[in-house]
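Here's a short set of exercises to work through with the viewer open. Try each task yourself before you read the solution.

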Amino acid sequence: MTTDQLLIGFFVSLGLVVVFLVGAIVLAKQHKIKGHLAGIGAMLVALVATLVFAETLGRRYTFDPTSYRVHMPIAFLAAGTLFAPLITGYRHWKGKGSVGAHKKAFGVWFTLVVLALGTGGWMLSAATRKTSEAETPTQGE
Ligand code: HEM
């Protein structure tokens, strides 16, 4: 895959994450729990695709060390704290935990996601593309 194709895949899957997350939240507000869970499930699939695209893209760029050092810990924290809304949501669903705890967990995770996106955008805008073999057309292409 060329770097441009990877970039398109990255932004399309990121867009799907946003669409599915917004859908899941709207459905939760309407108390449609099955829809909420389907939206969260679809968001997780799109999120995994986004991370695979990001990881593959990362190998094609040389990043500015400052933005890299700021972005990476935030991105790992955002990925790690995803378990908080998953666990509190499951507990609330089973009648063991409060919706307040679920909302707080969502708030923490979402704040970190926004920070990860912001610092990721900064990192990508300050990066330089490597010229790789994958970009060089081979005979017959
Ligand atoms: C990343 C994962 C998740 C996110 C971001 C998320 C987000 C939310 C949000 C924003 C709400 C609305 C709270 C409000 O303002 O009323 C909500 C409600 C809810 N969520 Fe989740 N959620 C997630 C995962 C889950 C999971 C895995 C479950 C259950 C297995 C779950 C069960 C619920 C339930 C039962 C409600 C309350 C719906 C109602 O008021 O009837 N959530 N969630």
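**Exercise 1. A residue in a loop**

Is His31 buried or exposed, going by its C-beta neighbours inside 10 Å?

*Solution.* Keep in mind that you're looking at a predicted model.

Step 1: find the residue. His31 sits in the loop that joins α1 and α2.

Step 2: count. There are 8 C-beta neighbours inside 10 Å of His31, and the cut-off for exposed is 12 or fewer. So His31 counts as exposed.

Step 3: check the backbone while you're there. His31 has a phi near 60°, which is a positive value in a residue other than glycine.

**Exercise 2. The whole chain**

Work out the helix and strand content of the chain, and the order of these elements along the sequence.

*Solution.* Step 1: tally the secondary structure. You should get 5 helices and 2 strands.

Step 2: walk along the sequence and write down each element as it turns up. The pattern reads α-α-β-α-α-α-β.

Step 3: get a feel for the dimensions. Along the principal axes, the C-alpha atoms fill a box of roughly 60 × 35 × 20 Å.

Step 4: look at burial. The chain has 141 residues, and 18% of them are buried.

Step 5: split the chain. Domain 1 covers 1-59 and domain 2 covers 63-131. Taken over C-alpha atoms, the centres of domain 1 and domain 2 are 13 Å apart.

**Exercise 3. α1 against α2**

Describe how α1 packs with α2: the angle, the handedness and the residue classes in the contact.

*Solution.* Step 1: take the axes. Helix α1 spans residues 3-29 and helix α2 spans residues 33-58; their axes come within 8 Å and cross at roughly 160°.

Step 2: turn the angle into a direction. Angles over 145 degrees count as roughly antiparallel, so α1 is roughly antiparallel to α2.

Step 3: get the handedness. α1 and α2 make a left-handed crossing.

Step 4: sort the contact residues of α1 with α2 by class. You'll find 20 nonpolar and 8 polar residues, and no charged ones.

Step 5: sample a few positions. Leu16 belongs to helix α1, and its C-alpha atom is 9.5 Å from that of Val45, with the two positions 29 residues apart along the chain. With 17 other C-beta atoms within 10 Å, Leu16 is partly exposed. Over in helix α2 there's Ala49, whose C-alpha atom is 9.5 Å from that of Val17, 32 residues away along the chain. Ala49 has 17 C-beta neighbours inside 10 Å, so Ala49 counts as partly exposed.

**Exercise 4. Partners of α5**

How do α3 and α4 each pack with α5?

*Solution.* Step 1: start with α3. The axes of α3 and α5 are 8 Å apart, and the angle is about 150°. α3 and α5 are therefore roughly antiparallel.

Step 2: add the handedness. The crossing of α3 past α5 is left-handed.

Step 3: repeat for α4. The axes of α4 and α5 are 8 Å apart, with a packing angle of about 165°. That's why α4 and α5 count as roughly antiparallel. α4 passes α5 in a left-handed crossing.

Step 4: zoom in on one residue. Pro73 is in helix α3, which runs over residues 65-80. Pro73 and Ala116 are 43 residues apart in sequence, yet their C-alpha atoms are 8.8 Å apart in space. Pro73 counts as exposed because 11 C-beta neighbours lie inside 10 Å.

**Exercise 5. The shell around the ligand**

Which residues come nearest to the ligand, and which elements build the shell around it?

*Solution.* Step 1: collect the residues. There are 19 around the ligand, and Ala28, His31, Pro85, Gly89 and Trp93 come nearest.

Step 2: assign them to elements. Those giving two or more residues to the shell are α1, α2, α4 (83-93) and α5 (99-125). α4 has the largest share, with 6 residues.

Step 3: sort by class. The shell holds 12 nonpolar, 5 polar and 2 charged residues.

Step 4: ask where the shell sits relative to the domains. Domain 1 and domain 2 each supply at least three residues to the shell around the ligand.

Note on methods
Residues numbered from 1 in each chain as written. Predicted model: local features only at pLDDT ≥ 70, side-chain atom pairs only at ≥ 80, totals over all residues. Axes fitted to C-alpha atoms, helices over the stretch in contact; angles between N-to-C directions. Helix = DSSP H or I, 4+ residues; strand = E, 2+ residues; numbered from the N terminus. Parallel < 35°, antiparallel > 145°, perpendicular 65-115°, else oblique. Left-handed = near helix turned anticlockwise from the far one by under 90°. Nonpolar A, V, L, I, M, F, W, Y, C, P; charged D, E, K, R; others polar. Near = placed C-beta within 6 Å. Domains from an automatic or database assignment. Buried ≥ 20, exposed ≤ 12 C-beta atoms within 10 Å, placed from the backbone.
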